Amino acid sequence: MSGVLIAIIGISFMFLMSLLGGALVFIFKKSLSGRANGILLGFASGIMIASSVWSLLLPAIEQSSNLGKLNFIPAAVGMILGTLFLVLMDKLVPKCINNNTSSNEFAKTSKLFLAVTIHNIPEGLAAGLALGNAFVSGGVTGYSALWFVIGIGIQNFPETSAISFPLKEKFNSNKKAFLYSLASSIVEPIMAVVGIFISSTLTGIMPWLLSFAAGSMLFVVAEEMLPEAKSSHKSSVAGWGMIIGFVVMMILDIVFG
């Protein structure tokens, strides 16, 4: 397949999984079971951790070879900056909401909606950078980047469903809940396209951008996905899901990378 076709398939899959996750409000009265949610989130976490290493960090280090033994600097600094970006956003956005609403219930729903929207930004950017890096900068192959994007898409399913059901309870409307979850998801494919464009025009700072995206994604996994996966079910299904996801992605990256 051509690079353009792979990019279209990958980005479309991400958005489709978000749509399916939001559409669950039309099918189920209740959210996914704790076991199913834990397995999905654990599996997606493993995929994202492995992808961040092989599809983002290792290419960033390889593309910094001109720095010699200091080639780790862009990867290290980029990861820290990516993490700080999400920490800052997580602190600023809730404060803005609290200052502009008098309803605690509305504030809670708005925080959930904006939290998912904010976290979709680095995920979409990471997907676009991985795809752009594969086709423009001579990094990982297109199929490896595609599996990376598919991994993001898989975790979009439980993530979007996690916001759609609380919104359903608030609005007492399946349609409104679906549309709001759709609005939070649309930023991801948009940022993916932005990431592809950036990778084709700012190749000189690609190592920094790749590691920035990796840091943001790893922070989301550590701060949001794994704790949520573990709390969804008290057994070790989330841990096993993460290990299996990591191993699957590692094998795919080695075989196709």
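Modeller: In this predicted model, a residue is called buried when its relative accessible area is under 20%, exposed when that area is over 50%, and partly exposed in between.

Colleague: Why is F85 called partly exposed?

Modeller: The relative accessibility of F85 is 29%, and because this value is neither under 20% nor over 50%, F85 falls in between and counts as partly exposed.

Colleague: What makes F212 partly exposed?

Modeller: F212 has a relative accessible area of 23%, which again lies between the two cut-offs, so F212 is partly exposed.

Colleague: Why is the aromatic pair of F85 and F212 called tilted?

Modeller: The ring centres lie 5.7 Å apart, and because the cut-off for a pair is 6.5 Å, the two rings count as paired. The angle between their planes is 50 degrees, which is neither under 30 nor over 60, so the pair is tilted.

Colleague: What makes this pair a tie between separate parts of the protein?

Modeller: F85 belongs to helix α3 (residues 73-99), while F212 belongs to helix α8 (residues 206-232), so the pair ties together parts that are 127 residues apart in sequence.

Colleague: Why does E188 count as buried?

Modeller: E188, which lies in helix α7 (residues 187-201), has a relative accessibility of 1%, and because that is under 20%, E188 counts as buried. Leaving aside residues up to four places away in sequence, E188 touches M14, S18, N120, E123, G124, I152 and N156.

Colleague: What elements does the protein have, and how many of its residues count as buried?

Modeller: The protein has nine helices and zero strands, and 46% of its 257 residues count as buried.

Notes. Residues numbered from 1 in each chain as written. Predicted model: local features only at pLDDT ≥ 70, side-chain atom pairs only at ≥ 80, totals over all residues. Heavy atoms only, no water. Helix = DSSP H or I, 4+ residues; strand = E, 2+ residues; numbered from the N terminus. Buried < 20%, exposed > 50% of the residue type's maximum accessible area, 1.4 Å probe, protein only. Contact = heavy atoms within 4.5 Å. Phe/Tyr/Trp six-rings, centres within 6.5 Å; stacked < 30°, edge-to-face > 60°.
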